[in-house]
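Biologist: I should be grateful for a close look at a single part of this protein, the nonpolar interior and the elements around it. Please treat it in one connected account.

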Amino acid sequence: MSMTDPIADMLTRIRNAITAGHRKVDIPASNTKKAVAQVLKEQGFINDFEIVDEDYQGVVRITLKYYLRDNKQTGVIEGICRISKPGRRIYASKGNIPKVRGGYGIAIVSTNQGVLTDHQCRNNGVGGEILCEVW
């Protein structure tokens, strides 16, 4: 079955796994999903990820990160949403990269230098397609 928006599917699987309190979530692999998972790991939103070669496509297995707040397990990712969608692509130049929640979160941007955070885009002076926001 073909999927219209695989990045939105990845974000939804992560959001649902955090809501359900799962430790790990499996996502069908692609190069963009691996790059997004790498950015989430570098920024401290997830513990780790690994590529599992189960079938011809493989799986990205993400280990989620939690902390205790008032003796309740809470996900480090409080919110994650898709910005650029297949029906409406959102691009930003180097001067118009948005700040997420006043700098509290990150925007993940697909550029010609790879998948970067909004902060890295401002430092490198590049723009691109804004994939999603995480806070």
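Modeller: A residue is called buried when its relative accessible area is under 20%, and exposed when that area is over 50%. The model discussed here is a predicted one. With a relative accessible area of 0%, Ala107 falls under that cut-off and is therefore buried. Ala107 has its place in strand β8. Setting aside residues up to four places away in sequence, Ala107 touches Pro98, Val100, Leu116, Thr117, Asp118, Ile130, Cys132 and Glu133. From Ala107 to Val76 the C-alpha distance is 16 Å, with their positions 31 residues apart in sequence.

Strand β8 (106–111) also leads to the nonpolar interior, since β8 is among the elements that give two or more residues to the largest nonpolar core. That core has 28 residues, and those with the most contacts inside it are Ile14, Leu40, Ile62, Leu64, Ile77, Ile108 and Val134. Besides β8, the elements that give two or more residues to this core include the helices α1 (6–20) and α2 (31–42) and the strands β1 (24–28), β2 (46–52), β3 (59–64) and β10 (128–134). The most is given by α1, with six residues. A second, separate core of 10 residues includes Ala92, Val109, Leu116 and Cys121. In soluble globular proteins, nonpolar side chains tend to be buried together.

Leu40 shows how such contacts are made. Apart from neighbours within four places in sequence, Leu40 is in contact with Ile14, Phe45, Ile46, Ile108 and Val134. In α2, the buried residues are Lys33, Val36, Ala37, Val39 and Leu40. Viewed down the axis of α2, these buried residues lie within an arc of 160°, so they line one face of the helix. The length of α2 can be checked as well: at 1.5 Å a residue, its 12 residues should span 16 Å, and the end C-alpha atoms are 17 Å apart, which agrees. Just after α2, Gly44 has a positive phi of about 85°.

Gly87 offers a contrast in burial, because its relative accessibility of 78% makes it count as exposed. Gly87 lies in the loop between β6 (80–82) and β7 (91–92). Its C-alpha atom is separated by 21 Å from that of Val36, a residue 51 places away along the chain.

Two points on the aromatic residues remain. A search of the whole structure finds zero aromatic pairs. The ring of Trp135 does, however, have the charged end of Arg101 sitting over it, 4.0 Å from the ring centre.

Technical notes: Residues are numbered from 1 along each chain as its sequence is written. This is a predicted model: local features need pLDDT of at least 70, side-chain atom pairs count only at pLDDT 80 or more; totals for chains, interfaces and linings use all residues. Side-chain values use heavy atoms; hydrogens and water are left out. A nonpolar core is a set of buried Ala, Val, Leu, Ile, Met, Phe, Trp, Tyr and Cys residues joined through side-chain atoms within 4.5 Å. Buried means under 20% relative accessible area, exposed over 50%, partly exposed in between (1.4 Å probe, protein chains only). Helices (H or I, at least four residues) and strands (E, at least two) are DSSP runs, numbered from the N terminus. Contact means heavy atoms within 4.5 Å. Rings of Phe, Tyr and Trp (its six-membered ring) pair if their centres lie within 6.5 Å; planes under 30 degrees apart count as stacked, over 60 as edge-to-face and the rest as tilted. A charge sits over a ring if NZ of Lys or CZ of Arg is within 6 Å of the ring centre and within 35 degrees of the ring normal. The expected span of a helix is 1.5 Å times one less than its number of residues. The arc is that of the directions from the helix axis to the C-beta atoms.
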